[in-house]
Amino acid sequence: MPRLAYLGPEGTFTEEALRLLDPTAERLPCANVSAALNAARAGDADGAVVPLENSIEGAITTTLDEFAWGEPLLITAELLLPVQFSLLARPGTEIPHIKRVYTHPAASTQCRAFVARELPEAVVVSAPSTAAAAQEVSLPGSPYDAAIAARIAGEHYGLVQLAADIGDRSDTVTRFVKVSRPGPLPAPTGSDRTTLVVFLADDHPGALLEMLTEFSVRGVNLTRIESRPTGDGIGRYFFHFDFEGHIADARVGEAIAGLHRICGEVRFLGSYPRADGIAPQIKRGTSDAEFAEAGDWLARIRAGQV
């Protein structure tokens, strides 16, 4: 039975994602994303499940930075989880009496309209996670009247649901990834995604275009690109890339090798099955068979078989 760390405490959306990704795993709740990933790195857990991006808020920057700067980990699976928020409170609480709401900043952002409409006098305070907010609200003498969290958090901590599905968008989705220490990669499925972190060798005109060209000329379709500051001063960035395909695919392998030639550092974060099951459209001239045929043709030319 694997042991998986996750962003805790019990009742987070991350716990829900973990249960779906690996129902048999022993669960190790951690205080934050960094702690969950470090538990995997240190061997205290066999892996970790963490959020990577949200369809409204975008990337989870803590996760991006951990992948870029921390000890290497590999993504082995992903999950797209619909996110629905509830307003939770101790039994007997009524909405007009709520003056202080506790929740994670991402949740408060995604529930702005509800809070403005239903809780115009309430102060919203930031919590480490939505489940931590629910846990705090459940305590006797808590300074908070209600939490915005997942319904499962209310069940964990004995809170009642005063309002359901309070997000501004009903179709909000968070992408979670399962990671482990470096080891064998998941086999190609024909519907895969690869993730990299790329650092420029130097800052010069056209540097980003040069990186993108490595993908474009080989027909590799990008699904996400994020820039993050290196910390070396204003205007200095590194890049996260998600793209279709598996490193075992010739076009993907050659694109990554091309980046390695022109960039300061390329950190491979994994090739793994896509949660949505979408297969890439293979551009003419970029299939494995066409790469192999071109390699054979070049070998014959080099051997003088013209």
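This section describes two nonpolar cores, two open sheets with their helices, and two buried arginines in a predicted model.

Local features are reported at pLDDT of at least 70 and side-chain atom pairs only at pLDDT 80 or more, whereas totals for chains, interfaces and linings use all residues. Residues are numbered from 1 along each chain as its sequence is written, and side-chain values use heavy atoms, with hydrogens and water left out.

A nonpolar core is taken as a set of buried Ala, Val, Leu, Ile, Met, Phe, Trp, Tyr and Cys residues joined through side-chain atoms within 4.5 Å. Buried denotes under 20% relative accessible area, exposed over 50% and partly exposed in between, with a 1.4 Å probe and protein chains only. The largest nonpolar core has 28 residues, and the members touching the most others are Phe13, Phe85, Leu87, Phe114, Leu119, Ile148 and Ile166. Two or more residues each come from strands E1 (3-7), E5 (74-82), E6 (86-89) and E9 (146-149) and from helices H1 (13-21) and H5 (112-118); helices (H or I, at least four residues) and strands (E, at least two) are DSSP runs numbered from the N terminus. H1 gives the most, with three residues. Contact is defined as heavy atoms within 4.5 Å. Beyond its neighbours within four places in sequence, Ile148 is in contact with Phe85, Ser86, Leu87, Val101, Tyr102, Thr103, Ala107, Cys111, Val115, Thr130 and Ile166. Another core, of 26 residues, lies apart from the largest one and includes Leu7, Ala45, Val179 and Leu269.

Strands of a sheet pair through backbone hydrogen bonds, either parallel or antiparallel. Two strands are counted as paired if DSSP finds at least two bridges between them. One open sheet has five strands in the order E8-E7-E9-E6-E10, with mixed pairing. Its edge strands, E8 (123-126) and E10 (160-163), each pair on one side only. From one strand to the next the twist averages 35°; axes are lines fitted to C-alpha atoms, for helices over the stretch in contact, and angles run from 0 to 180 degrees between N-to-C directions. Strand E7 (residues 100-103) pairs with E9 in the parallel sense over two bridges, and Tyr102 stands opposite Ala147 in E9. Helix H6 (residues 130-138) lies across E6, E7 and E9, at about 155° to E9.

A second open sheet, of four strands, has the order E13-E14-E12-E15 and antiparallel pairing. Strand E13 (222-229) and E15 are at the edges with a single partner strand each, so one side of each has no neighbour in the sheet. The twist here averages 15° from one strand to the next. E13 pairs with strand E14 (residues 237-244) over seven bridges, and Phe243 in E14 is the bridge partner of Leu222. Helix H3 (residues 61-69) packs on this sheet, touching strand E12 (192-199), E13, E14 and E15, at about 100° to E14. Helix H8 (residues 207-216) lies across E12, E13 and E14, at about 15° to E14.

Arg224 lies in E13 and counts as buried because its relative accessibility is 7%. Its side chain makes a polar contact of 2.7 Å with the side chain of Asp242; a polar contact is a pair of N or O atoms within 3.5 Å, where, within protein, one must be able to donate a hydrogen and the other to accept it, and residues adjacent in sequence count only if both atoms are side-chain atoms. Arg267, in strand E15 (residues 265-273), is also buried, at 15% relative accessibility. The side chain of Arg267 reaches the backbone oxygen of Phe67 at 2.9 Å.
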